[in-house]
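Q: I'd like a close look at one part of this protein, with the side chains walked through one after another. Take your time and keep it connected.
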Amino acid sequence: MRASRALAVTATACAAVALSAPLAGATNGPRDVSVNPFEVHRGGTLHIRVEGCGHGGTVTSNAFSRVELSVNSSGHSSARARIHDFTTPGHYNLAVRCSDDPRTVTHQFRVLEGRGALGGLGGSVGPSSTEMAVGGGLVASAAVGGSFFLTRRRRLNAVGF
């Protein structure tokens, strides 16, 4: 009798865990939508962060193309949207919809006039052929000058001066 009672308790516990698993994975729909930065230039990138979309979703707006939400290990969803170059400056709304929930949440952001500073190339462009020729010439002249100096110095020491 004791074995059957232990088996019944174990089966009940396993059933409770198995039936509660879908509830743990359920989401409450999109909430706590945030954008960074709030004000973005045309052509800039908008970072969108959402809670409650545990299985991903979509973000749409008139200022950018539709983007998909990706879910990270902590359960937060995020997306990056590039603002169109032709977007008229002003206030815009974005709409977030989770893939497992029909509700939609909106959030406002602002598109600024003009484009942001490009800030230089940051070393992403290699040297040109002219720069290579000038650099090679400087290295060659330093090598010739250094060898001439060492040769001249040895001759003076050999003669006894």
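Is Glu 39 buried, exposed or partly exposed, and what is its relative accessible area? Please start there and work outwards into the strands around it.

A: Glu 39 is partly exposed, with a relative accessible area of 39%. Before going further, keep in mind that this is a predicted model. The mean pLDDT for the protein is 77, with 70% of the residues reaching 70 or more. Residues 19-26 are a stretch to treat separately: pLDDT there is below 50, and beyond near neighbours in sequence the stretch has one contact in the model.

Back to Glu 39, then. This residue makes a salt bridge with Arg 110, and the closest N and O atoms are 2.9 Å apart. Glu 39 sits in strand β2 and Arg 110 in strand β8, so the bridge ties together parts that lie 71 residues apart in sequence. Arg 110 is partly exposed too, at a relative accessible area of 32%. As for the chemistry, side chains of opposite charge can pair when their charged atoms come close.

A second salt bridge joins Arg 42 and Glu 113, where the closest N and O atoms are 3.2 Å apart. Here Arg 42 comes from the loop between β2 and β3 (45-51), while Glu 113 comes from the loop between β8 and α2 (129-159); they are 71 residues apart, and the pair links distant parts of the chain. The two ends of this bridge differ in how they are covered: Arg 42 counts as buried because its relative accessibility is 19% and the cut-off is under 20%, whereas Glu 113, at 55%, counts as exposed.

In total the structure holds four salt bridges. Another one of them is between Asp 85 and Arg 82, with the closest N and O atoms 3.1 Å apart. Asp 85 is partly exposed, at a relative accessible area of 41%, and Arg 82 counts as partly exposed at 45%.

While we're in β2, have a look at His 41, which is also placed in that strand. This histidine is partly exposed, with a relative accessible area of 30%. His 41 and Pro 89 are 48 residues apart in sequence, yet their C-alpha atoms are 8.3 Å apart in space.

Now for the sheet that β2 and β8 belong to. Eight strands make up an open sheet, and reading across it the order is β1-β3-β6-β5-β4-β7-β8-β2, with mixed pairing. β2 (39-41) stands at one edge and β1 (31-36) at the other; each has a single partner strand, so one side of each is left without a neighbour in the sheet. On average, neighbouring strands are turned by 30° against each other, direction ignored. Further in, β4 and β5 run antiparallel and are joined by three bridges. One residue to pick out there is Thr 58, whose bridge partner in β5 is Glu 68.

Follow β8 and you also get to the aromatic side chains. There are two aromatic pairs. In one of them, the ring centres of Phe 64 and Phe 109 are 6.1 Å apart and the planes are at 35°, so this pair is tilted. Phe 64 is in the loop between β4 (57-61) and β5 (67-71), and Phe 109 is in strand β8 (residues 104-112), so the pair ties together parts 45 residues apart in sequence. Phe 64 is buried, with a relative accessible area of 2%, and Phe 109 counts as buried at 0%.

In the other pair, Tyr 92 and Phe 109 have ring centres 6.2 Å apart and planes at 25°, so this one is stacked. Again the pair links distant parts of the chain, with Tyr 92 in strand β7 (residues 90-98) and Phe 109 in strand β8, 17 residues apart. Tyr 92 is buried as well, at a relative accessible area of 17%. Put the rings together and you have a cluster in which ring pairs link Phe 64, Tyr 92 and Phe 109.

So, if you're scrolling through the model, strand β8 is a handy thread to follow. Arg 110 in β8 reaches Glu 39 in β2 through a salt bridge, and Phe 109 in β8 pairs with Tyr 92 in a stacked arrangement. Arg 110 is partly exposed, whereas Phe 109 counts as buried.

Key
Residues are numbered from 1 along each chain as its sequence is written. This is a predicted model: local features need pLDDT of at least 70, side-chain atom pairs count only at pLDDT 80 or more; totals for chains, interfaces and linings use all residues. Side-chain values use heavy atoms; hydrogens and water are left out. pLDDT is the predictor's confidence in each residue, from 0 to 100. Contact means heavy atoms within 4.5 Å. Rings of Phe, Tyr and Trp (its six-membered ring) pair if their centres lie within 6.5 Å; planes under 30 degrees apart count as stacked, over 60 as edge-to-face and the rest as tilted. Helices (H or I, at least four residues) and strands (E, at least two) are DSSP runs, numbered from the N terminus. Buried means under 20% relative accessible area, exposed over 50%, partly exposed in between (1.4 Å probe, protein chains only). Two strands pair if DSSP finds at least two bridges between them. Axes are lines fitted to C-alpha atoms, for helices over the stretch in contact, and angles run from 0 to 180 degrees between N-to-C directions. A salt bridge is a side-chain nitrogen of Lys or Arg within 4 Å of a carboxyl oxygen of Asp or Glu.
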